Each structure stands twice: as C-alpha cells, then as structure tokens.
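Welcome! Here are some short exercises to work through with the structure open beside you. Try each task before reading its solution.

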Amino acid sequence: MLIKKSGEIPSSEITPKDMYLNRRKFLAGAAFAGAAAVTGVGVREIVAPSLSAQANAKIEGLQKSPFSTTEKQTPYKDVTTYNNFYEFSTDKYGPADLAKDFKTRPWTVTIDGLVAKKQVLDVDTIIKMAPAEERVYRHRCVEGWSIVVPWVGFSLNELIKRAQPLGKAKFVEFTTLYDPKQMPGQRASVLQWPYVEGLRLDEATHPLALLCFGLYGEVLPNQNGAPLRLVIPWKYGFKSAKSIVRIRFTDSQPVNSWQQYSASEYGFYSNVNPNVDHPRWSQAKERRLGEFLKRPTLMFNGYDQVASLYSGMDLKKNF
C-alpha cells in the first residue's frame, strides 16, 4: 500500500469533512457485507472505525487564545478515531465505535471537599460560566506519540474560583463516570474504576489548565472525553481526565489511577520530561500522529510557562 504523508497531499485531494463522515457511514456497512466475506480480511483492515461525532454542533463565538501554538494541527479524523479511553477499550481504534451511543445528557458534576461552596452543577451551566476559547495545544502521550489539537473551553480556574477552595485545600481530584453498561471497558479489571486523576491546586489554577468541552470548533465527541474533560498540555495525556463527574478538593495528594496501577511507571506529576524514561521505553523523542519521523521531546512539552511551579523540585524523583 502506498501511504502519502500529509504534507505531500494537495488540498484539492482532501475530502471535505462532512462528505468524509457520510461516506464512512456507508462504507462501514458495505465493506462488512462484501469485501470481508470475500477476502477473509478483517473489517478494520478494510474500513477504519466509524466516527461517533457525526452530529456535533458548532460552537459559536469562539475567542482565539494567546496560549495557542502555531504548529500544524493534527487532522480531525486522526484525533477522533485514535484515542486512549480505556473506559471504552484498550484498542485505540475502539472508542470511536463503542462510544457512539454514549449518553452525555443529562449530566451533572459534583464539586465538594474543602470548598466553601459545595454544589452539583449541570454540565451546560458549567459550559456557560465563561467565554469559550479555542486553544491549539500540543498533547504528548506517554507511549511516545503526540498530537496538536484546537481544543475548546476555558481556564479550569474559572470553575475553581466559583467553588472557593478553603485555605487547607492543596490538591484537586477528578473522577470519571463509572457506568459499565455504557462503558464496556469498565467491565474488565484493566484499572481500578472509576478513573481518578489529580493535580496540585496551583497546577489546576494555572492559566494553561483547560476545562474542555469541544474541539475543532465543535462539541466534544464522545470518544474524546465528552461532555467535559481536562486538557493539561505540559503533562502526559493520561493526566487529562475525561467525562468528569466529580471534582473534589483535598489536603492530601490523590492517588491517580495509573499511579495505583504501577507507581514505578506512572508518577503523580507526570510532567513531560525527556530526561526521565518510562521503565520500558525512552521518552526522549516522540512521533506526531500522521508523521513518520520522530522529533525531540521538549521539557514540559514546550510549555515553559509552568516551570516556576516546580522550582527547587527534583523532577526525576517527582516524575
């Protein structure tokens, strides 16, 4: 098979997204009934998994963020079909299909712990708290691949300010929905469910920490963490909790799910650091999704604005 790099394809040969989505829906059924039966080749080898975001609504009135990178964005189809979302599947191509019927309304988020204003908020109330921004962020996965995505949301601190953390609150814990009926990956003991992540309070209130509800100017697709997720661009991707139902403020450091799974491989901080290898592979280089050649990994994923948060810390010990 001849595979062209994205930079080699002229714009005239690129299929418009709406046409692409409708064509995929048709081909998924046709390929299954015909080609797979004749050739014996698996369906995934003939047709990539169908998207679940076909009806995503446009988000109007987006502000452009000064935090955005000018790097080339990863194609929409790659970002929405290649996902780490173990609640649905450990296969990166699985969530796009398995999450297509995931119900994101009604949806509430509980805010509790060490705050003056404990509350249960409807997700649409949260989304309307502040003007929506489009932020084009680099995103680095611990497995060695990376993407550049125009996320939509606003600084997480907008929500935190409204909760009014108490003086003894030092950390913020985020919990994902636990619903094995909708999330088939939770029927397996890959991790201890529900998924839990955590940040230090000063990390959570940093302007770069994004409370996200969209991408590419549209409502967030199910497989990308709908209806509400984090995007913490200077940390490895698993720190950006998806499908959040609870935000708890605490005085003690949360034990996040991957740290609980293997503390020697996944630390609490998980800052992108090319000088700290995963025990099973190097983190010095990364491969941008859709590209062949690797590039050097940047400290803090290139977001030097956060370096002062870790002044004086041993970032090899606190990985």
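Two strands count as paired if DSSP finds at least two bridges between them. Keep in mind that this is a predicted model.

**Exercise 1.** Find what joins strand β4 to β5, and describe the turn.

*Solution.* Start with β4, residues 133–140, and count its links to β5: there are eight bridges, and the two strands run antiparallel. To see one such link, go to Arg140, whose bridge partner in β5 is Ser146. Next, follow the chain through the turn: four residues lie between the strands, which form a hairpin. Within that turn, Gly144 has a positive phi of about 115 degrees.

**Exercise 2.** In which sense does β5 pair with β12, and in which with β8?

*Solution.* Take β12 (residues 285–288) to begin with: its pairing with β5 is parallel, over two bridges. Here Trp145 has Arg287 as its bridge partner. Now turn to β8 (residues 210–215), where five bridges make an antiparallel pairing with β5. Val152 and Gly214 are bridge partners there.

**Exercise 3.** Is β5 mostly covered or uncovered, and what does β5 give to the largest nonpolar core?

*Solution.* Check the strand's residues, 145–155: 11 of 11 are buried, so β5 is mostly covered, with buried meaning under 20% relative accessible area. Then look at the largest nonpolar core, which has 68 residues; Trp151 and Phe174 are among those touching the most other members. β5 supplies six residues, the largest share of this core. Another core, of 10 residues, lies apart from it and includes Val142 and Tyr266.

Key
Residues are numbered from 1 along each chain as its sequence is written. This is a predicted model: local features need pLDDT of at least 70, side-chain atom pairs count only at pLDDT 80 or more; totals for chains, interfaces and linings use all residues. Side-chain values use heavy atoms; hydrogens and water are left out. Buried means under 20% relative accessible area, exposed over 50%, partly exposed in between (1.4 Å probe, protein chains only). A nonpolar core is a set of buried Ala, Val, Leu, Ile, Met, Phe, Trp, Tyr and Cys residues joined through side-chain atoms within 4.5 Å.
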